[in-house]
Amino acid sequence: KFVERVFSGVQPTGNLHLGNYLGAIQRFVEMQKSHQCIYCVVDQHAITLWQDPKSLASAIREVTAAFLAAGIDPKAHIVFNQSQVAEHAELAWVFNCVARMGWLNRMTQFKEKAGKDKEAASVGLFAYPTLMAADILVYRATHVPVGEDQKQHLELARDIAAKFNNDFGDSIAANGFNGGFFPLPEPLIQGAATRVMSLRDGSKKMSKSDPSDLSRINMTDDADTIAAKIRKARTDPEPLPSEEEGLKGRPEADNLVSIFAALAGRTVAEVLAEFGGGQFSTFKTALADLTVAKISPITAEMKRLMADPGHIDAVLAEGSDRARAIAAPIMASVKDIVGF
Ligand code: ADP
Ligand code: NA
């Protein structure tokens with residue numbers, strides 16, 4: 001009874017990296033074949049941490065450029081930025097009144113991002129997951145491709161949808177909806193590289209905010225920089241194993257092999273069948289070549305698009321109109337259901 005609809009987003013917080021590409025953007029491109037897709041630059045999420053206004057405006061365009069350069073089709077699907085569709089924030093308020101403090105208290109991302117001084121964190125950072133639930137459910141989206149780090153937030157979105165359906169059950173039925181108003185959105189976290197790790201420390205995820213630029217491959221890095229970062233990536237002294245079992249307890253090796261597999265569209269087992277038993281230096285050269293072959297054309301296209309900000313803004317404005325056309329009637333029904 002729900003249209004198979006995909007929603008996902010990326011924050012415009014600078015330093016878009018290979019983890020964002022493999023965990024999210026590359027999957028977004030793939031989903032276009034089978035689903036109606038809505039891809040959002042989540043600028044309201046970005047300001048849960050301080051953003052310089054000028055940098056924010058250019059980061060919004062950069063994420064949009066990355067979406068388009070990677071192969072997302074803004075005509076067949078929808079590309080826009082969150083702040084232009086007021087229904088996200090409107091539904092988030094309703095969800096703030098559905099979600100429980102205890103549920104949000106359990107979110108590990110808040111604990112990581114708030115750091116030691118939780119009292120000094122913004123209220124928005126704490127409520128981040130209710131806005132994320134609204135992002136997805138304001139389109140009644142059924143599938144959400146994300147990296148492993150977003151799994152807990154997706155579970156919370158399902159809990160919010162279920163509680164709304166339950167709390168307002170009679171009103172939902174009285175308004176003519178059968179079997180609940182919101183679908184329980186399914187996370188799509190599959191295949192290799194759902195959690196890309198830092199190139200300098202196999203225990204930390206590759207992240208925009210890591211102070212070491214060597215820890216990540218940025219989508220704007222040139223070919224030489226990519227090759228140098230892969231050459232310098234931390235490894236252990238053992239040769240690569242021939243079987244997946246042999247990657248246990250070797251997070252750096254596991255990470256590099258997973259990156260190769262995800263970029264090549266192959267399984268980890270297939271990659272090890274080719275490179276197992278060999279030296280890291282040989283593998284790293286192949287990985288650098290593959291990464292450059294995949295990422296450099298996207299980088300070049302991003303640069304071309306970024307040179308015409310007016311065009312990017314027009315894509316976002318048109319996407320926002322089309323997103324609003326889906327969200328507005330859903331939000332109108334929510335208001336009827338709540339009794340507004
Ligand atoms: P970041 O976590 O880098 O600040 P976002 O929160 O905007 O970026 O995440 C955008 C998408 O990229 C999400 O789907 C997230 O799960 C994914 N992602 C972020 N970092 C990684 C990573 N290291 N490996 C895999 N996916 C990731
Ligand atoms: Na994230």
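Helices here are DSSP runs of H or I at least four residues long, strands are DSSP runs of E at least two long, and both are numbered from the N terminus. Everything shown comes from a predicted model.

**Figure 1. The whole protein chain, before we zoom in.** The fold is built with 14 helices and 5 strands. Its radius of gyration is 21 Å, close to the 20 Å that the globule rule gives for 340 residues, so the chain is as compact as a globular protein of that length. If you want a box for it, the C-alpha atoms fill roughly 65 × 45 × 45 Å along the principal axes. Of the 340 residues, 43% count as buried. Take the contacts between residues at least 6 apart in sequence: 78% of them join residues at least 24 apart.

**Figure 2. The shell around ligand 1.** Count the residues surrounding ligand 1 and you get 19, with Gln11, Gly19, Gly23, Gly147 and Val196 the closest. Helix α1 (residues 18-31) supplies the largest share of this shell, 5 residues. Sorted by class, the shell holds 6 nonpolar, 9 polar and 4 charged residues.

**Figure 3. Asn15, in the loop between β1 and α1.** The loop in this close-up runs between β1 (5-10) and α1, and Asn15 sits in it. What is the sign of phi at Asn15? Positive, at about 50°, although Asn15 is not a glycine. There are 16 other C-beta atoms within 10 Å of Asn15, so the residue is partly exposed.

**Figure 4. Arg140, another residue with a positive phi.** Phi of Arg140 is near 45°, and this residue isn't a glycine either. Look for Arg140 in the loop between α7 (123-137) and β4 (143-145). Is Arg140 buried or exposed? The cut-off for buried is 20 or more other C-beta atoms within 10 Å, and Arg140 has 20 such neighbours, so it counts as buried.

**Figure 5. Where α11 meets α12.** Helix α11 (residues 251-264) packs against helix α12 (residues 268-275) at an angle of about 110°, and their axes are 9 Å apart. Since angles of 65 to 115 degrees count as roughly perpendicular, that is how α11 and α12 are arranged with respect to each other. On the α11 side the contact involves Val257, Ser258, Phe260 and Ala261, and on the α12 side Val268, Val271 and Leu272. By class, that makes 6 nonpolar residues, 1 polar and no charged ones.

**Figure 6. Val334 in helix α14, and who sits around it.** Helix α14 covers residues 309-338, with Val334 among them. Val334 has 24 C-beta neighbours inside 10 Å, so it counts as buried. Leaving out residues up to four places away in sequence, Val334 touches Leu91 and Val94. Phe181 is 153 residues away from Val334 in sequence, yet their C-alpha atoms are 8.5 Å apart in space.

**Figure 7. Gly176 and Ile337.** Gly176 belongs to the loop that links α9 (169-174) and β5 (186-188). With 8 C-beta neighbours inside 10 Å, Gly176 counts as exposed. Draw a line from its C-alpha atom to that of Ile337 and you cover 10.0 Å, for a pair 161 residues apart in sequence.

**Figure 8. Ala162 in helix α8.** Helix α8 spans residues 151-167 and includes Ala162. Ala162 has 14 C-beta neighbours inside 10 Å, so it counts as partly exposed. Ala162 and Pro183 are 21 residues apart along the chain, and 8.2 Å separates their C-alpha atoms.

**Figure 9. Met101, with Pro237 for scale.** Met101 is in helix α5 (residues 101-105). Just 7 C-beta neighbours lie inside 10 Å of Met101, so this residue counts as exposed. How far apart in space are Met101 and Pro237? From C-alpha to C-alpha it's 47 Å, with their positions 136 residues apart in sequence.

How values were computed:
Residues are numbered from 1 along each chain as its sequence is written. Chains are lettered from A and ligands numbered from 1 in the order in which they are written. This is a predicted model: local features need pLDDT of at least 70, side-chain atom pairs count only at pLDDT 80 or more; totals for chains, interfaces and linings use all residues. Axes are lines fitted to C-alpha atoms, for helices over the stretch in contact, and angles run from 0 to 180 degrees between N-to-C directions. Angles under 35 degrees count as roughly parallel, over 145 as roughly antiparallel, 65 to 115 as roughly perpendicular and the rest as oblique. Two residues are in contact if their C-beta atoms, placed from the backbone, lie within 7 Å. Ala, Val, Leu, Ile, Met, Phe, Trp, Tyr, Cys and Pro count as nonpolar, Asp, Glu, Lys and Arg as charged, and the others, Gly among them, as polar. A residue is near a molecule or strand if its C-beta atom, placed from the backbone, lies within 6 Å of it. The radius of gyration is taken over C-alpha atoms; the globule rule is 2.2 Å times the number of residues to the power 0.38. A residue is buried if 20 or more other C-beta atoms lie within 10 Å of its own, exposed if 12 or fewer, and partly exposed in between; C-beta atoms are placed from the backbone.
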